[in-house]
Amino acid sequence: MTVTVEHHTEQNMFSATLDGQDAGRLVYTPHKSRSEWVAYSTSVSPMFEGRGVGSALTLAAVEAAQAQQVKIVPTCWFVAGWLDRHSEFADVRKY
């Protein structure tokens, strides 16, 4: 079972599916001339909790931010905690 993540740039959101079902999303707000994303909400459907959906969403957001040379301001507790545990992405985080 693989989590699939899509970036919906027009909606400032990443969405995840698992087993063909909506599994969760990470929502952000572009800030400071779009050079930063304020990641303010990560939600996972209760039936998919504990299956790596939140981590997949956060990794996809971090990789997209790196590719676009954007910093992430994590106001969402999940994204902040994930970044704390993954120091290899410290260059993406903005405090």
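1. A search of the whole structure, which is a predicted model, finds three salt bridges. They pair Asp19 with Arg51, Lys94 with Glu36, and Asp84 with Arg93, and the points below take each pair in turn before moving to Ser15.

2. The side chains of Asp19 and Arg51 meet with an N to O separation of 3.5 Å. Asp19 sits in the loop between E2 and strand E3 (21-31), while Arg51 belongs to the loop between strand E4 (36-44) and helix H1 (53-68), so this salt bridge ties together parts of the chain that are 32 residues apart in sequence. Asp19 counts as partly exposed, because its relative accessibility of 45% falls between the limits for buried and exposed. Arg51 is likewise partly exposed, with a relative accessible area of 34%.

3. In the salt bridge between Lys94 and Glu36, the closest N and O atoms are 2.7 Å apart. This pair also links distant parts of the chain, since Lys94 lies in the segment after helix H2 (77-85) and Glu36 in strand E4, 58 residues apart. As for accessibility, Lys94 is partly exposed at a relative accessible area of 33%, whereas Glu36, at 6% relative accessibility, counts as buried.

4. For the salt bridge formed by the side chains of Asp84 and Arg93, the N to O value is 2.5 Å. The surroundings of the partners should be read separately here: Asp84 is exposed, with a relative accessible area of 54%, but Arg93 is buried, with a relative accessible area of 14%. Arg93 is assigned to the buried class because its value is under 20%, and Asp84 to the exposed class because its value is over 50%.

5. A further site that deserves a remark is Ser15, which is placed in strand E2 (residues 13-18). Ser15 has a relative accessible area of 15% and is therefore buried. Its side chain makes a polar contact with the side chain of His8, at 2.7 Å.

6. Leaving aside residues up to four places away in sequence, Ser15 touches Thr4, Val5, Glu6, His8, Gly24, Arg25 and Leu57. His8 thus appears in this list of contacts and is also the partner of Ser15 in the side-chain polar contact. Two other residues in the list, Gly24 and Arg25, fall within the range of strand E3 (21-31), and Leu57 falls within that of helix H1 (53-68).

Methods. Residues numbered from 1 in each chain as written. Predicted model: local features only at pLDDT ≥ 70, side-chain atom pairs only at ≥ 80, totals over all residues. Heavy atoms only, no water. Helix = DSSP H or I, 4+ residues; strand = E, 2+ residues; numbered from the N terminus. Buried < 20%, exposed > 50% of the residue type's maximum accessible area, 1.4 Å probe, protein only. Polar contact = N/O pair within 3.5 Å; in protein donor to acceptor, adjacent residues only side chain to side chain. Contact = heavy atoms within 4.5 Å. Salt bridge = Lys/Arg side-chain N within 4 Å of Asp/Glu carboxyl O.
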